[in-house]
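User: I would like to go through the helix packing in this model, one question at a time. Please give the cut-offs as they come up.

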There are 2 protein chains.
Amino acid sequence: MSAVEIVEVGPRDGYQGIGPFIPTERKIALLEQLAAAGLKRIEIGSFVSASALPQMRDTADVLAACARMPGVDPQVLVPSERRGRDAVAAGARHLVFVLSVSEAHNRNNVRRAPDESAGEYERLLAAVPADTRIRLDLATAFDCPFEGRIPEDKALALLERLVAAKPDAEICLCDTTGRADPAHVASLFARARAAFPQAEAWALHAHDTYGLGLANVHAAYREGVTVFDASFAGLGGCPFAPGATGNVATEDLAWMFARMGVATGLDLDALVAVARDGAEIPGGLPGGRVRAALSTGGGVCAPTT
Amino acid sequence: MSAVEIVEVGPRDGYQGIGPFIPTERKIALLEQLAAAGLKRIEIGSFVSASALPQMRDTADVLAACARMPGVDPQVLVPSERRGRDAVAAGARHLVFVLSVSEAHNRNNVRRAPDESAGEYERLLAAVPADTRIRLDLATAFDCPFEGRIPEDKALALLERLVAAKPDAEICLCDTTGRADPAHVASLFARARAAFPQAEAWALHAHDTYGLGLANVHAAYREGVTVFDASFAGLGGCPFAPGATGNVATEDLAWMFARMGVATGLDLDALVAVARDGAEIPGGLPGGRVRAALSTGGGVCAPTT
């Protein structure tokens with residue numbers, strides 16, 4: 001079976017909703033633990049408004065610290081050309097540009113229509129060095145908190161312009177709400193890959209809010225997708241939805257692929273250890289199953305099925 | 001897409017590990033709620049040793065109460081011919097016989113080798129009325145807490161004798177430990193269905209201990225399986241593995257299939273309501289995601305992917 005790449009997004013998507021500021025040195029120490037568990041590509045933060053997302057205000061410092069971590073490929077999220085320039089000036093070599101398929105979500109995120117964000121993406125591409133690696137995050141590709149289920153044609157229509165702008169960008173379809181189901185995931189990836197054969201790399205960003213994170217990852221894997229975002233300890237729950245967990249947990253993905261015999265390059269024991277630490281971050285909303293399941297001594301209940 | 005049948009097993013697999021006795025009237029009231037949510041087939045208990053599983057000691061009383069619930073098809077688990085006779089004498093028309101593929105687990109459950117249990121199954125079939133409906137639960141079909149991963153050939157070899165004994169029994173492959181993965185589930189069902197075309201009905205009993213419950217259900221569904229066990233509120237965690245949740249949650253399955261457009265006949269709002277009540281059972285170990293996700297007011301975190 002094909003090897004997969006798990007992209008650790010906890011330090012960006014997992015942390016951004018956490019109220020209490022995580023000290024920069026703590027962030028750096030956790031990054032070192034994540035790297036030691038085998039994670040190479042890590043979304044370490046975002047260049048965004050410090051008033052909108054104060055947790056991300058030290059991203060430049062965290063990025064600088066990554067230069068001392070051999071093998072780590074830090075990617076940073078940017079919502080605009082200007083923030084992209086800021087990121088490059090701070091030393092970023094791998095940018096994530098985010099826009100939403102749904103107008104309501106894109107306006108809520110960046111106060112622009114999706115098509116305006118597509119123009120912003122084109123300007124960003126023109127503004128950064130040609131060898132900057134680009135990942136395109138397509139938020140609300142499946143479902144929107146405001147508009148509900150997103151028609152597949154709408155996601156595909158937006159991709160026309162975006163893929164043309166940079167066919168060698170990695171395109172990540174994001175299940176922002178966690179309401180995608182495996183059939184929807186399989187269908188949209190199948191259609192997108194058929195419609196855009198020139199696009200070189202596809203990824204899935206899954207949330208586990210409704211428990212479908214792993215099922216959706218597996219559905220995408222069956223469609224040939226081999227890059228998956230995940231967050232250690234499943235961090236990323238939304239503070240406005242208490243009890244609802246966030247990103248699919250890195251250790252859960254690592255477990256599933258290990259059971260399937262698919263190589264990830266990750267050390268599960270080390271991952272569970274850093275996930276335990278991540279779950280203790282004040283204000284965090286941890287999720288996932290494997291951390292708890294592997295942290296117990298085992299035991300057998302009987303008679304049982 | 002094909003309709004599926006969700007079999008509610010919480011009142012048996014979910015309750016059996018709960019220490020404090022759930023009063024019989026409470027069990028009956030919860031059954032009425034489950035039936036009102038659209039569940040037809042419900043595994044309401046087991047005829048087993050009252051000293052081994054005191055929580056199940058009132059199964060005959062619960063079974064009698066089901067006669068007053070129109071449309072409910074109560075099934076009861078039995079581990080032996082003698083218990084099967086007891087169940088029939090108490091009015092049971094639908095029996096679940098359980099045996100394990102792994103010798104260590106079967107001995108731990110019923111102090112017999114699997115082949116001895118197969119003989120017991122044949123005696124049970126001979127002893128009960130011919131129109132008794134039979135479900136065969138094959139525990140540790142994928143993985144055993146003592147022996148680890150179970151070779152597919154071993155499960156298939158045991159099925160030779162069992163299928164021959166009653167081809168029209170429903171055969172349920174049970175992921176007892178929750179350590180099956182979607183590729184394993186798909187492979188074993190594909191091989192079993194090809195090897196035993198005379199077997200009429202197949203089912204999956206999934207646990208969510210490692211978060212793979214829904215992924216495994218979806219993998220089986222893609223292989224043509226349409227009957228799935230689940231437990232309301234995800235009850236069924238093992239008391240020897242704190243933090244490890246149990247059966248895949250009924251409401252999570254109902255949610256997934258609803259999103260996929262696959263009919264289940266279930267009322268999700270009513271299911272979430274009874275799941276909330278189930279999660280409050282003293283001594284229970286609830287799991288699942290949808291109960292929490294749908295119990296919040298929603299809300300949007302931004303900027304987010």
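User: At roughly what angle do the axes of helix H2 (residues 24-36) and helix H3 (residues 59-66) of chain B cross?

Analyst: This is a predicted model, in which local features need pLDDT of at least 70, side-chain atom pairs count only at pLDDT 80 or more, and totals for chains, interfaces and linings use all residues. Residues are numbered from 1 along each chain as its sequence is written, while chains are lettered from A and ligands numbered from 1 in the order in which they are written. Helices are DSSP runs of H or I with at least four residues, strands are runs of E with at least two, and both are numbered from the N terminus. The axes, lines fitted to C-alpha atoms over the stretch in contact, with angles running from 0 to 180 degrees between N-to-C directions, come within 10 Å and cross at roughly 40°.

User: Which residues of H3(B) are buried, and how wide an arc do they cover?

Analyst: A residue is buried if 20 or more other C-beta atoms, placed from the backbone, lie within 10 Å of its own. In H3(B) this holds for B:Thr59, B:Val62, B:Leu63, B:Ala65 and B:Cys66. They lie on the same side of H3(B) because the arc, taken from the directions from the helix axis to the C-beta atoms, is only 160°.

User: Is A:Asn106 of helix H5 (residues 103-110) of chain A buried or exposed?

Analyst: A:Asn106 is found in helix H5 of chain A. Because 27 other C-beta atoms lie within 10 Å, A:Asn106 is buried.

Technical notes: A residue is buried if 20 or more other C-beta atoms lie within 10 Å of its own, exposed if 12 or fewer, and partly exposed in between; C-beta atoms are placed from the backbone.
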